[in-house]
Amino acid sequence: MLQTISLLVENKPGALMRITGVLSARGWNIDSLTVARTLDAEQSRMTIVVDIDPVLRRQVMKQMNKLINVLQASDLTESLAVRREMALVRVRTTAENRAGILRDAEIYGARVVDATSDGFGLECTGPVEKVEEFIDAMKTFGDIDVTRSGIVAVSMESRKLRLAPPVQAGANGAMDRPGC
């Protein structure tokens, strides 16, 4: 089952490596990962979709919360949240199919971001299922190239953020999180 995890992390070198290292060391496959700086330049937001057995979901969250640089980990799998993905699709096609491509793009709410004599560059944003359906529709018109962003998600729950204090290095160099 796919689990959606939202992480607020310190924007420091090595944070991404430590997070993906925990997942890969346990044999958990990352389906998608997006990361970008927040309004605070010292923090980043990560959205990770990991393919994992549902009984292990709590374990994943505990592991994420123990990591250095992780300020908050939230499981958005079954939470009230907005989830979106973007795909850029290049469709190479014939002149006869151009009107059909534009019609289908409009149906899916996609927009033309570039046009050439042999095709279009299109952008489709929305729930994963909609993006996949759009890509399948475009395949019927000719040769395509696809680049996908991965899922981004934001919780719509009405709770305040609880930030954990950054992990401090102990006297022996080990990382210790206060209260853990």
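Two strands are taken to pair if DSSP finds at least two bridges between them, and it is in this sense that pairing is described here for the predicted model. In strand 3, asparagine 29 has aspartate 51 as its bridge partner. Strand 2 and strand 3 are paired in the antiparallel sense, with eight bridges between them, and the connection from strand 2 to strand 3 is a hairpin of five residues.

These two strands belong to an open sheet of four strands, in which the order is 2-3-1-4 and the pairing is antiparallel. The edges of the sheet are formed by strand 2 (29-37) and strand 4 (70-75), each of which pairs on one side only. From one strand to the next, the twist averages 15°. In general, the strands of a sheet pair through backbone hydrogen bonds, in either a parallel or an antiparallel arrangement.

At the side of the sheet that involves strand 4, strand 1 (residues 2-10) is joined to strand 4 by five bridges, and the two strands run antiparallel. Within this pairing, valine 9 stands opposite valine 70 of strand 4. Helix 1 (residues 15-25) packs on the sheet, where it touches strand 1, strand 2, strand 3 (43-51) and strand 4, and the direction of helix 1 makes about 20° with that of strand 3. Helix 2 (residues 57-66), for its part, lies across strand 1 and strand 4, and runs at about 165° to strand 4.

Attention then turns to a nonpolar patch on the surface, which is formed by Leu80, Val82, Val154 and Met156 and has about 350 Å² of accessible area together. Of these residues, methionine 156 is placed in the loop between strand 9 (152-155) and strand 10 (168-169). Methionine 156 counts as partly exposed because its relative accessibility is 47%, a value that lies between the limits of 20% for buried and 50% for exposed residues. When neighbours within four places in sequence are left aside, methionine 156 is in contact with Leu80, Ala81 and Val82, and Leu80 and Val82 are also members of the nonpolar patch. Methionine 156 and leucine 76, although 80 residues apart in sequence, are 9.6 Å apart in space, C-alpha to C-alpha.

Note on methods
Residues numbered from 1 in each chain as written. Predicted model: local features only at pLDDT ≥ 70, side-chain atom pairs only at ≥ 80, totals over all residues. Heavy atoms only, no water. Axes fitted to C-alpha atoms, helices over the stretch in contact; angles between N-to-C directions. Contact = heavy atoms within 4.5 Å. Patch = residues over 30% accessible without salt bridge, like charges linked within 9 Å, V, L, I, M, F, W, Y side chains within 5 Å. Areas by Shrake-Rupley, 256 points an atom, 1.4 Å probe, with all protein chains shown as cover. Salt bridge = Lys/Arg side-chain N within 4 Å of Asp/Glu carboxyl O. Buried < 20%, exposed > 50% of the residue type's maximum accessible area, 1.4 Å probe, protein only.
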